[in-house]
Amino acid sequence: MKRILTIAGSDSGGGAGIQADLKTITVLGGYGMSAITAVTAQNSIGVQGVHPIPVDFIKLQMKSVLSDLGADAAKTGMLVSPEIVTAVAEQLKHYRVERLVVDPVMVAKSGDALLNKAAQVTMREVLLPMAHLVTPNLPEASVLCGFPVNDLGTMKDAARKIHELGPPYVLVKGGHLEGDAVDVLFDGEGFQTYQSHRLNNRYTH
């Protein structure tokens with residue numbers, strides 16, 4: 001059984017963050033572990049509050065898990081501040097976690113900001129070069145590449161641009177598109193698209 005560490009915020013609504021990661025890891029047959037970076041008050045409507053966890057305690061959570069249980073892979077989510085981004089990167093390097101998935105959580109679906117400007121810069125410069133895979137949605141891809149990403153063509157352009165930041169694989173998620181949902185994976189040479197019909201359901205969080 002693969003040991004997977006998720007480093008992210010807690011979503012009180014259970015639709016994202018630590019809660020969603022642990023559910024997914026379990027369903028896929030892995031053993032999920034967590035280091036919580038922030039506690040949020042949120043639901044399907046939006047984010048009502050964010051309380052970051054002190055950096056030293058985030059590092060302690062990671063040290064407790066990685067020095068004892070270890071991890072075959074890690075995934076990052078909401079990291080809030082440049083200090084948290086840097087601390088997480090340092091711990092991952094120290095414990096030699098080689099497979100890293102970075103979900104560059106920047107903006108909630110409701111439009112609420114989840115990563116400040118300074119942290120966005122630190123993520124680009126420190127964390128993305130460490131990533132095996134980075135998985136931005138359209139608003140996040142727009143921030144990372146510096147131009148609007150709103151269709152299949154610009155998704156491919158964004159994937160190329162983000163690939164230049166260091167990660168060998170870039171998955172641009174098209175959940176914000178109109179019509180069918182389309183994700184685009186770029187491996188530095190070619191593209192693979194994943195398309196499915198959009199479900200007509202307002203409970204999407």
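Colleague: Before we talk about pockets, which residues count as nonpolar, which as charged and which as polar?
Modeller: Ala, Val, Leu, Ile, Met, Phe, Trp, Tyr, Cys and Pro count as nonpolar, Asp, Glu, Lys and Arg count as charged, and the others, Gly among them, count as polar. Please keep in mind throughout that this is a predicted model.

Colleague: Fine. How many residues of each class are in the lining of the second largest pocket?
Modeller: That lining has eight nonpolar residues, three polar ones and five charged ones. It is made up of 16 residues, and those that lie nearest the centre of the pocket are Ile 4, Ile 25, Leu 28, Ala 73 and Val 101.

Colleague: And how much space lies in that pocket?
Modeller: The second largest pocket holds about 440 Å³ of space.

Colleague: Which helices or strands supply at least two residues of its lining?
Modeller: Helix H1, residues 17–27, strand E4, residues 73–76, and strand E5, residues 100–102, each supply at least two. The largest share comes from H1, which gives four residues to the lining.

Colleague: Switching to charges: how many salt bridges does the count come to?
Modeller: The count comes to five salt bridges. One of them joins the side chains of Arg 3 and Asp 72, with 2.9 Å from N to O.

Colleague: Where do Arg 3 and Asp 72 lie?
Modeller: Arg 3 is in strand E1, residues 3–11, while Asp 72 is in the loop between helix H2, residues 55–68, and E4, so the pair ties together parts of the chain that are 69 residues apart in sequence.

Colleague: Why do you call Arg 3 partly exposed?
Modeller: Partly exposed covers relative accessible areas between the 20% limit for buried and the 50% limit for exposed, and Arg 3 counts as partly exposed because its relative accessibility is 31%. Asp 72, at 25%, counts as partly exposed as well.

Colleague: Which residues are linked in a network of salt bridges?
Modeller: The network links Asp 21, Lys 75, Asp 103 and Lys 173. Within it, Lys 75 forms a salt bridge with Asp 103, where the closest N and O atoms are 3.9 Å apart. Lys 75 lies in strand E4 and Asp 103 in the loop between E5 and helix H4, residues 117–127, so this pair ties together parts that are 28 residues apart in sequence.

Colleague: What about Lys 173 and Asp 103, how far apart are their closest N and O atoms?
Modeller: Those atoms are 3.7 Å apart, and the two residues form a salt bridge. This pair links distant parts of the chain, 70 residues apart, with Lys 173 in the loop between strand E7, residues 169–172, and strand E8, residues 181–186, and Asp 103 in the loop between E5 and H4.

Colleague: Is Asp 103 buried or exposed?
Modeller: Asp 103 counts as buried, because its relative accessibility is 14%, whereas its partner Lys 173 counts as partly exposed at 26%.

Colleague: New topic, the surface. Which residues make the nonpolar patch?
Modeller: Met 1, Tyr 31 and Leu 69 make a nonpolar surface patch of about 350 Å². Of these, Tyr 31 lies in strand E2, residues 31–42, and is partly exposed, with a relative accessible area of 42%.

Colleague: Now backbone oddities: what is the phi of Val 80?
Modeller: Val 80 has a positive phi of about 70°, although it is not a glycine. Val 80 sits in the loop between E4 and helix H3, residues 82–94, and is buried, with a relative accessible area of 13%.

Colleague: And what is the phi of Arg 96?
Modeller: Arg 96 also has a positive phi, of about 55°, without being a glycine. Arg 96 is found in the loop between H3 and E5 and counts as exposed, at 71% relative accessibility.

Colleague: Last one: how far apart are the C-alpha atoms of Pro 54 and Thr 37?
Modeller: They are separated by 8.0 Å, for residues that are 17 apart along the chain. Pro 54 lies in the loop between strand E3, residues 47–52, and H2, and counts as exposed at 55% relative accessibility. For another pair, Gln 61 and Glu 83, the C-alpha atoms are 16 Å apart in space and the residues are 22 apart in sequence; Gln 61 is in helix H2 and is buried, with a relative accessible area of 16%.

Notes:
Residues are numbered from 1 along each chain as its sequence is written. This is a predicted model: local features need pLDDT of at least 70, side-chain atom pairs count only at pLDDT 80 or more; totals for chains, interfaces and linings use all residues. Side-chain values use heavy atoms; hydrogens and water are left out. On a 1 Å grid over the protein atoms alone, a cavity is a set of points where a 1.4 Å probe fits but cannot get out, and a pocket is an open set with protein on both sides within 12 Å along at least five of seven lines; lining residues have an atom within 4 Å of a point. Grid points are joined across faces, edges and corners, and a volume is the space filled by probe spheres set on the points. Patches are made of residues with over 30% relative accessible area and no salt bridge: like charges are joined within 9 Å, nonpolar side chains (Val, Leu, Ile, Met, Phe, Trp, Tyr) within 5 Å. Accessible areas come from the Shrake-Rupley method with a 1.4 Å probe; for residues, only the protein chains shown count as cover. A salt bridge is a side-chain nitrogen of Lys or Arg within 4 Å of a carboxyl oxygen of Asp or Glu. Buried means under 20% relative accessible area, exposed over 50%, partly exposed in between (1.4 Å probe, protein chains only).
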